[in-house]
Amino acid sequence: PATDTEGKTEAEGLPKGLYLVAQTDVSSADTGSAHTLIADGCHPFLISLPMTNQAALDGHEAGSVWQYDVWAYPKNSTVGITKNLVAEDDSLIESDDFTIGDTIRQVITTDVPVMQGDRAFEKFAVTDTMENGLTFLADSLKVSVGDDAFSEENVVLTKDTDYVLSQDDSSFTVTLTENGLSKLNGLTAPSKLFVAFEARLNGTATIGIDTNDNTPKLSLKEKNSSEIEVGGNTPRSATYEMNISKEFASLTEPDYSKVSFEMTDAAGETILWTLEENGNYHPHYAAEEGDGSSLIIPDADGKIVLRGLDEGDYVLTEITTIPGQNLLAEPIRVHLEGNDPVDGALKSASIQNGHEEAITLTNEDELNLGIASFSIVNNRAVSLLRTGGTGSRWLYAIGGILLLGGAAAAWKGRKWLTLTAF
């Protein structure tokens, strides 16, 4: 029997037994100009007549009496659109952290109900709107129809034959042609349409909780009905920042142009950098002009801002310094750990001088913004490390002790380093 305008139907006078209930048509549920399109009917289910009461009934406890009038509440799923990032193992996730220059795999999934005859599709278009920090890589686009985004059995749609691609500075749209619509309208079972592509996290990417988002939208129209739009979710692509202050306690006006550092990543690879107009640095990538430089030079105030880093381990090594000052005897190791799930904030960060014990950064306000800040200070005398939040003090001696006659230490020219964690 068909359902009424409230979606109800009934069958009376049935003998005792086990009944299989299956929905055979969803078209009657979608009448009117402002309807919600049903993606698929409910899955078949069994009903036993009679059955024990599932809840308290007329003063009887659940499961204690037979119930001959049974109500069932099957639910239909409506047409939706979802967006996911794709992890290295092809699993679908909603957020992750990246380094500027990374290629981010993404896939948009839309429901495709069975639409034929008077209810065939006349329009089916998927739009993805990106923030400036993401660059759409059009050559990576793949549109297919099937049950799984990465199945080799999917029907792959052909650009300019089955769909057309249009794009501007902030979005792109995949619109099915008549040929593509005919493939959707020819489906005899509910399916899905996948728009898989890649985007690059570029040099304008925002840091921390101002994640680099993009949001999909589905626009569709069926015969004898008005066009409808369905909004999707917003995946998050986060990246982090280091703020470093270089100081010389014995100099009043140091020339920081003489100071330079290099940084390697967890794999030991030297990171190449692009110097931004504002004096900040971000990792260099192939699509940018020039070759990038491995050297990081503080600004006139001794500040270094490194934007666009993924969570992980980094090693900062001083390459050159002001004449008359000692280079850091050992590199500084920095560890960044993002929240899980990723929301742009740093769960923790730490710095480590050589083989000494790691020091945890304690500036929660900055960590919550995805920023790790610390200072490197060269001193001629004993210096103490202040961790900013705990009051703990650490002593680091940098420099050699020259033995004279196997007994005396020569202290002349000895240098000290303070790492100040915020």
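Helices (H or I, at least four residues) and strands (E, at least two) are DSSP runs, numbered from the N terminus. The model toured here is predicted, so local features need pLDDT of at least 70, side-chain atom pairs count only at pLDDT 80 or more, and totals for chains, interfaces and linings use all residues. Residues are numbered from 1 along each chain as its sequence is written, and side-chain values use heavy atoms, with hydrogens and water left out.

**The whole chain**

Begin with the entire protein, which holds two helices and 35 strands. Of its 422 residues, 44% are buried; buried means under 20% relative accessible area, exposed over 50%, and partly exposed in between, with a 1.4 Å probe and protein chains only. The accessible surface comes to about 22,400 Å², and carbon and sulfur atoms hold 49% of that surface. Accessible areas come from the Shrake-Rupley method with a 1.4 Å probe; for residues, only the protein chains shown count as cover. Among contacts (heavy atoms within 4.5 Å) with a separation of 6 or more, 66% are between residues 24 or more positions apart.

**Glu318 and strand 25**

Select Glu318, which is found in strand 25. With a relative accessible area of 6%, Glu318 is buried. What does the side chain of Glu318 make a polar contact with? The partner is the side chain of Lys246, at 3.1 Å. A polar contact is a pair of N or O atoms within 3.5 Å; within protein, one must be able to donate a hydrogen and the other to accept it, and residues adjacent in sequence count only if both atoms are side-chain atoms. A polar atom of the Glu318 side chain also lies 2.9 Å from the backbone nitrogen of Leu328. Leaving aside residues up to four places away in sequence, Glu318 touches Lys246, Val259, Ser260, Phe261, Asn326, Leu327 and Leu328.

Next, show strand 25 (residues 312-320) with strand 21 (residues 260-264): they pair in the antiparallel sense over five bridges. Two strands pair if DSSP finds at least two bridges between them. Thr320 in strand 25 is the bridge partner of Ser260. Strand 25 is also joined to strand 26 (residues 332-338) by five bridges, again antiparallel. There, Val315 has Arg333 as its bridge partner. Strands of a sheet pair through backbone hydrogen bonds, either parallel or antiparallel.

**A six-stranded sheet**

Now select strands 8, 7, 10, 16, 12 and 13, which form an open sheet in the order 8-7-10-16-12-13 with antiparallel pairing. Its edge strands, strand 8 (92-93) and strand 13 (155-156), each pair on one side only. Two bridges pair strand 12 with strand 13 in the antiparallel sense, and Val145 has its bridge partner, Val155, in strand 13.

**The phenylalanine cluster**

Add the side chains of Phe136, Phe172 and Phe197, which ring pairs link into a cluster. Rings of Phe, Tyr and Trp (its six-membered ring) pair if their centres lie within 6.5 Å; planes under 30 degrees apart count as stacked, over 60 as edge-to-face and the rest as tilted. The count by this rule is five aromatic pairs. The rings of Phe136 and Phe172 are stacked, because their centres are 4.0 Å apart and their planes lie at 10°. This pair links distant parts of the chain, with Phe136 in strand 12 (residues 134-146) and Phe172 in strand 15 (residues 171-176), 36 residues apart. Phe136 and Phe172 are both buried.

How are the rings of Phe172 and Phe197 arranged? Their centres are 5.0 Å apart and their planes at 75°, so the pair is edge-to-face. Phe172 in strand 15 and Phe197 in strand 16 (residues 191-201) are 25 residues apart, another link between distant parts of the chain. The relative accessible area is 1% for Phe172, and Phe197 is buried at 3%.

**A five-stranded sheet and helix 1**

Follow strand 15 into an open sheet of five strands, ordered 14-15-11-17-18, with antiparallel pairing. Strand 14 (163-167) and strand 18 (228-231) are the edge strands, each pairing on one side only. On average, neighbouring strands of this sheet are turned by 15° against each other, direction ignored. Strand 17 (residues 214-222) pairs with strand 18 in the antiparallel sense over four bridges, and Glu229 in strand 18 is the bridge partner of Ser219.

Finally, select helix 1 (residues 178-185), which lies across strand 11 (121-130) and strand 15 and runs at about 110° to strand 11. Axes are lines fitted to C-alpha atoms, for helices over the stretch in contact, and angles run from 0 to 180 degrees between N-to-C directions.
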